[in-house]
Each structure stands twice: as structure tokens, then as C-alpha cells.
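Student: Hey, can you walk me through this protein? I'd like to go piece by piece.

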Amino acid sequence: MWELQSDWYSPIRLNSNPITQYDFPGDRFIPNRSLMDLDQARSLLSNRTTPNRNSNFNEVYRKSIEDKLTLDSEGNPFRMLVFRGSPKSNRKSIRCVDLMRQDEAKELDGNGKHHQPRRLPKGEARILDAPNIRNDFYMSTMDWGKNNVIAIALGKDLFLWNAENREVHKLLQVDDLNDFPSSVAWSQDAKTVAVGFRRSKLQLWDAETSKLVRSLENHKDRIASITWNGHTLTSGSRDKSIINHDVRAGSNVTCRLRTHTEEVCGLKWSGEGNVLASGGNENLLYIWDSSKMNSQRFLFRLKDHRAAVKALAWCPYQSEVLASGGGTKDGCIKIWNTKNGTCIKSIATEAQVCGLEWNRHHKEIMSGHGYSASELIKNQLCLWRYPSMDKVGSLNRYTSRVVHLSQV
């Protein structure tokens, strides 16, 4: 026989705030257990006592108490089965599927004619000074946290720039003449900044107190790429290894991969946190299942690129879709279906692909470029429509490579 656990019939109760809004997914004929007060339902079904009326209370008071006990938070009769959606989350959705569908519908009027397509802005919203920023394709020294603060390494220093109040704060400075930050990544809660260094250190800094929380020394060479997945911090190094660190544990290393044969220059966890993409200087792209990484078994080894794979970006509205970009000798943006390891689309940009970022509000992807045989193509920002990958536009306002892309 099965032994029923107590929490099986005690789900989270409905928020009692009467102004709570609800989504309406699912089937209207199937009750939503998360909205039912099953404790009260069970009590009403099992309670066999007869009501004991106190003569000291009048009918008005008795009716008020009865309403409190038998009506739900919206003043409706209490029901054991609730056929409605779950409360809306205060967290902003990054999928924006409905908004994108509306945009697609607006592109066609009643007669099937196309409206004016979206255009890439011709000017910058703001320009920041970045002295001593390293022009290195393999490193990732800029990240924009969910707290709207940009972390960027400039030479031997790492600065935080607050986009709301425009304040600049120096988080750290490296005293070693032969060392400097080579990779930066905000934690998902935007409380911690992870910093990888040329001389193989990996440090965790508290952004609020500007204090070093922890220093990890598990690599043997430059750490060029780092990415977070909850409490797991994944780092890739020129020592050809990938390490998963549980930042809460004393023995932090939970997994070490030695599949790449050259420097690991690209790392990115999927939005759901169950799949990792890794790119290397040997032109290979690996797809890993988080549950099988300890066995050293990858899901796919993708060989289509002809140069280093640094630029990686997971689609925010199709969880299995990954975009990757190749170095100078490749210059291609490839869109992958990571469920079956197939290439959906490949675009030859004819320029080094240094960074990729999906637009979370429209079906578009932006690419940052570096070296190219053509003076007209190099050092560009390009916007592409997805899934056709038609070019929306480009910006040619840079005199050097666009080595980093990040969005809040």
C-alpha cells in the first residue's frame, strides 16, 4: 500500500488578498488543486458535530461569523473544487509570447499588406567611457545584472555602473602585475558577481558590501567564460576543462568535464537550467544534459562551425533553440534544435561573431561582430528577424570589435 504524505493534501493556499489577479491556463473542467483550501474541505466533510448556538449572540452577528467561515477571499461561496487559473506572478515574463503574436498580426493589415517593418535605431541611448577595456575575442568581461547594474572589467579593475542613478563603483583592483579579470557574470539574484582571472582564480564578490565572499582555485589556466545556474557556477578555462561549482558547499566541485581539446571560450545554461551549451577554440559546440554531466556524456557534439565558438544564446520563447556564432574563419550564425541536434538555419555574416543576444520582446536576435575581410562589414551590430534570419538593419558606428553584448 502507498503511504500518503501529509503535504499531498495540503497545497499552498490561495492568497487571501482580494485584489489578486489570475491567469486562465489549462482546462476549465479540471479543478486546480493549488487553489483549493483542502484543509477546510476535509474539515467540513469530516466534521459531524451539530452547531451549538449561543443565545448571547444575535442573528446579525451569527450571520457575519458564518460568512467569514464559508466565503472565500473574494466573497464568493466556498467551493471544494476550484475551476480557475493560478494567481499571476509579480515577476515579469521574459517570454512575451502574446505580445509577439500581436506584433506579427500588426504586420499584416486587413488586406494582407505589410506594414512598415521595424527599424534598428540609428543612434545610441547612452555612451560610456571604457578605458583599458581588453580587445580579446575569447574573454567575457561585461555582464548586465537583473539589478540594472553593469559589471565590467577595465584593465586590472572591475567597475559597477548603476543604470538607474548612473553611479560608478570600483569593486576590485588586481595588484598582481601578471593578472587581471578575464570573465565576469552576475548571479541570477544579482547579489553576487563572479570574476574569473587570467591566472586561474575564480572569485565571488558581494555586490552590496563590496567584499570578497570566496575564492576558488580549481583551474590551472585563464578562465575565459563563466555562467550561473541557480547555486551552480560553471566555469570554462584555457586548461580545456569545464567545472561546475556548488557555491554553497565546502567541497565546491560537483563536476569536471575534460571533453574540449582547446580553450573553452563559450558557456551558457538554458533558461530552464537543464541543458548547458559549451563552445571551444577547436571549433566544436557541445550540448550537455545537467543530469548526465558526471558521466562525461554529452547529448550532441556539433561540428558545423569552422572557427572558435564563443557567442552562445538560448532563445527565450523556444527553450530548445540555441544560437551560436563562429570566429573569423567561420563568420556564421547557426540556429540549433537541441532536442535532436539539428541545424535549423545558418547565416553567413562574413564577419567574426563575437556576441549574440535574443530580443525578449520581438522575434529577433542581435549579433556583435569583429574582424572581416570587408571594411564595410567589420565591427558591426546587426539585427536579424527570427526565424527567417532576414537582416533588419546594422550599425556601423564602431572603430573596433564589438567583443561583448549584454542586456538586462
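Here is a chat about the fold, one sheet, a few residues and some rings.

Tutor: Before we start, this is a predicted model: local features need pLDDT of at least 70, side-chain atom pairs count only at pLDDT 80 or more, and totals for chains, interfaces and linings use all residues. Residues are numbered from 1 along each chain as its sequence is written, and side-chain values use heavy atoms, with hydrogens and water left out.

Student: Got it. How many helices and strands does the protein chain have?

Tutor: The protein chain has three helices and 24 strands. Helices (H or I, at least four residues) and strands (E, at least two) are DSSP runs, numbered from the N terminus.

Student: And what share of the residues is buried?

Tutor: Of the 408 residues in the protein chain, 43% are buried. Buried means under 20% relative accessible area, exposed over 50%, and partly exposed in between (1.4 Å probe, protein chains only).

Student: Cool. What is the order of the strands in the open sheet?

Tutor: The four strands run in the order 13-14-15-16, with antiparallel pairing. Two strands pair if DSSP finds at least two bridges between them.

Student: Which strands stand at the edges?

Tutor: Strand 13 (264–269) and strand 16 (300–302) do; each has a single partner strand, so one side of each has no neighbour in the sheet.

Student: How many bridges join strand 15 and strand 16?

Tutor: Three bridges, in the antiparallel sense, and strand 15 covers residues 285–289. Tyr 286 stands opposite Arg 301 in strand 16.

Student: Does Tyr 286 turn up again, and which aromatic cluster is it in?

Tutor: Tyr 286 forms one aromatic cluster with Trp 288 and Phe 298. Rings of Phe, Tyr and Trp (its six-membered ring) pair if their centres lie within 6.5 Å; planes under 30 degrees apart count as stacked, over 60 as edge-to-face and the rest as tilted.

Student: How many aromatic pairs does the structure hold?

Tutor: Seven aromatic pairs. Take Phe 137 and Tyr 138: their ring centres are 5.2 Å apart and their planes are at 85°, so that pair is edge-to-face.

Student: Is Phe 137 buried or exposed?

Tutor: Phe 137 is buried, at 5% relative accessible area, while Tyr 138 is partly exposed at 25%.

Student: New topic. Where is Thr 349?

Tutor: Thr 349 is in the loop between strand 20 (342–348) and strand 21 (353–358). Thr 349 is buried, with a relative accessible area of 9%.

Student: What does the side chain of Thr 349 reach?

Tutor: The side chain of Thr 349 reaches the backbone oxygen of Ala 351 at 3.0 Å. A polar atom of that side chain also lies 2.6 Å from the backbone oxygen of Gly 331.

Student: Last one: where is Ala 323?

Tutor: Ala 323 is in strand 18 (residues 321–326), and Ala 323 is buried, with a relative accessible area of 0%.

Student: What does Ala 323 touch?

Tutor: Not counting residues up to four places away in sequence, Ala 323 touches several residues, including Ala 311, Lys 334, Leu 356 and Trp 358. Contact means heavy atoms within 4.5 Å. Ala 323 and Leu 356 are 33 residues apart in sequence, yet 7.5 Å apart in space, C-alpha to C-alpha.

Conventions
A polar contact is a pair of N or O atoms within 3.5 Å; within protein, one must be able to donate a hydrogen and the other to accept it, and residues adjacent in sequence count only if both atoms are side-chain atoms.
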